[in-house]
Amino acid sequence: MNGISDEAFVHGMSAVGAGLALIAGIGPGVGQGIAAGHGAAAVGRNPGAKSDITSTMLLGQAVAETTGLYGFVTAIILMFVKPFD
Amino acid sequence: MGSGVLDTARSLPLILASSETEYDFMIKKLMEIHIGDTTVYLTTTHVALICVSIFLIVFALIANRVLLKADPDATPGMFQNFLEIITDMLGGMVDGLMGTNAKRFVNYISSIFLFILICNLGGLFGLRAPTADYGVTLPLALFTFVLIHYNGIKKKKGKHFLALFEPIPLFFPINLISEVATPLSLSIRLFGNVMSGTVLMGLVYAMFPLFIQIVPIPGIMHIYFDVFSGAIQTYVFCMLTMVYINDKISD
């Protein structure tokens with residue numbers, strides 16, 4: 001660890017933390033995929049209700065995406081706002 | 001050890017163009033204004049917001065003029081058709097979710113829908129999308145928060161607060177957190193989506209000279225991040241606002 005200044009260490013660890021925060025993207029990916037799959041199945045069963053199904057699906061997907069976005073916002077804060085400087 | 005790695009990274013021609021200069025996707029200060037001891041900055045967000053507001057006001061004035069002069073017997077023109085499609089779609093959206101209460105909220109929901117939509121599309125016109133600033137999305141979500149509780153109290157009086165103690169009083173802290181989390185998650189959802197698009201577009205433009213020779217990737221990404229994602233998030237914001245309000249005033 002010799003030769004690394006405190007500042008560089010904090011910056012480097014912030015970058016690592018930002019990368020780790022984006023692991024949060026896994027959950028929404030799986031969830032949105034499941035929602036889209038069930039949406040497709042529902043349209044297949046009842047093609048007449050396509051617009052209703054689509055809007056419900058998009059709403060659910062957007063809510064499922066929130067946790068992923070928390071991770072993204074955390075990463076952005078770590079990278080650019082630099083709270084630990 | 002550390003500095004050697006950093007030097008190598010700097011000489012790499014990858015994240016390259018932007019690593020020396022300021023990141024292109026951050027909010028930039030344009031002007032300082034001193035009020036007493038505090039310094040207020042005029043940023044790119046303000047300029048973009050003013051552009052969006054002027055566009056919407058001019059559009060509304062022209063639309064008003066056109067509709068007032070419209071002849072009921074004549075064939076409607078292109079612009080009038082366009083206006084009627086917009087009004088019809090927004091009215092149908094609010095009506096489908098709120099039913100009998102739609103009349104009271106259709107104006108507000110339509111306004112924020114158009115505002116957020118134009119803000120999100122701002123990235124296409126060279127503005128930095130104003131909704132990629134948390135200072136813009138938080139007030140929008142706080143409007144929703146105030147509307148939710150104003151309408152809840154108006155409808156159910158004191159019983160509005162009793163809902164915090166359901167199903168048993170032990171759940172009070174959890175219910176309180178979920179109420180406070182509503183504006184937070186609304187604003188972060190909009191901010192995060194638009195911001196991620198802005199960041200990715202900024203990174204793509206940072207390596208633009210390399211990329212433009214291969215395929216027109218920035219154009220395709222603009223379609224996805226600005227048009228598709230922007231429209232979806234606008235829709236979701238308005239839908240969730242309506243769902244939350246409807247939750248409190250219907251029974």
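This note goes through a predicted model, taking chain B, its contact with chain A, and then a few residues of chain A.

1. Fold of chain B. The secondary structure of chain B consists of 10 helices and 2 strands. In sequence order the pattern is α-α-β-β-α-α-α-α-α-α-α-α, so the two strands follow the opening pair of helices and the rest of the pattern is helical.

2. Packing and surface of chain B. Chain B has 251 residues, of which 36% count as buried. Among its contacts with a separation of 6 or more, 68% are between residues 24 or more positions apart. The exposed area of chain B is about 15100 Å², and 71% of that comes from carbon and sulfur atoms.

3. The salt bridge. How many salt bridges does a search of the whole structure find? The count over all chains is 1. The partners are the side chains of Glu179(B) and Lys248(B), with an N to O distance of 3.1 Å. Glu179(B) belongs to helix 8 (residues 172-206) of chain B and Lys248(B) to helix 10 (residues 217-249) of chain B, so the pair links parts of the chain that are 69 residues apart. In general, side chains of opposite charge can pair when their charged atoms come close.

4. Burial of the lysine. Is Lys248(B) buried or exposed? Its relative accessible area is 16%, and because the cut-off for buried is under 20%, Lys248(B) counts as buried. The lysine of the salt bridge is therefore a buried residue.

5. Extent of the interface. Chain B gives 20 residues to the contact and chain A gives 14 residues. The area buried between the two chains is about 1500 Å², with 81% of it from carbon and sulfur atoms. Three residues, Ile188(B), Arg189(B) and Tyr235(B), provide 26% of the area that chain B buries against chain A, more than any other three residues.

6. Elements and composition at the interface. Which elements of chain B give two or more residues to the side that touches chain A? They are helix 8 and helix 10 of chain B. Helix 8 of chain B has the largest share, 9 residues. By type, the residues on this side of chain B divide into 14 nonpolar, 5 polar and 1 charged.

7. Polar pairing across the interface. Between chain B and chain A there are 0 salt bridges. Polar contact is found for 2 residue pairs across the interface, counted with both residues at pLDDT 80 or more.

8. A backbone point in chain B. Lys157(B) is not a glycine, yet its phi is positive, at about 55 degrees. The residue sits in the loop between helix 6 (134-156) and helix 7 (159-162) of chain B. Its relative accessibility is 56%; because exposed means over 50%, Lys157(B) counts as exposed.

9. Ser55(A). This serine lies in helix 3 (residues 50-81) of chain A. The side chain of Ser55(A) reaches the backbone oxygen of Asp52(A) at 3.0 Å. At 19% relative accessibility Ser55(A) counts as buried, since the limit is under 20%.

10. Gln61(A). Helix 3 of chain A also holds Gln61(A). Which residues does Gln61(A) touch, not counting residues up to four places away in sequence? They are Gln32(A), Ala35(A) and Ala36(A). With a relative accessibility of 13%, Gln61(A) is buried.

11. Ala21(A). Helix 1 (residues 6-21) of chain A contains Ala21(A). Leaving out residues up to four places away in sequence, Ala21(A) touches Gly71(A), Thr74(A) and Ala75(A). Its relative accessibility of 15% makes Ala21(A) buried. From Ala21(A) to Ile4(A), 17 residues apart in sequence, the C-alpha to C-alpha distance is 24 Å.

12. Ile23(A). The loop between helix 1 and helix 2 (26-45) of chain A is the place of Ile23(A). Ile23(A) has 49% relative accessibility and counts as partly exposed, because exposed requires over 50%. The C-alpha atoms of Ile23(A) and Gly44(A) are 33 Å apart, and the two residues are separated by 21 residues along the chain.

Definitions and conventions. Residues are numbered from 1 along each chain as its sequence is written. Chains are lettered from A and ligands numbered from 1 in the order in which they are written. This is a predicted model: local features need pLDDT of at least 70, side-chain atom pairs count only at pLDDT 80 or more; totals for chains, interfaces and linings use all residues. Side-chain values use heavy atoms; hydrogens and water are left out. A salt bridge is a side-chain nitrogen of Lys or Arg within 4 Å of a carboxyl oxygen of Asp or Glu. Helices (H or I, at least four residues) and strands (E, at least two) are DSSP runs, numbered from the N terminus. Buried means under 20% relative accessible area, exposed over 50%, partly exposed in between (1.4 Å probe, protein chains only). Contact means heavy atoms within 4.5 Å. Accessible areas come from the Shrake-Rupley method with a 1.4 Å probe; for residues, only the protein chains shown count as cover. Buried area is the accessible area (1.4 Å probe) that two parts lose on being put together, summed over both. A polar contact is a pair of N or O atoms within 3.5 Å; within protein, one must be able to donate a hydrogen and the other to accept it, and residues adjacent in sequence count only if both atoms are side-chain atoms. Ala, Val, Leu, Ile, Met, Phe, Trp, Tyr, Cys and Pro count as nonpolar, Asp, Glu, Lys and Arg as charged, and the others, Gly among them, as polar.
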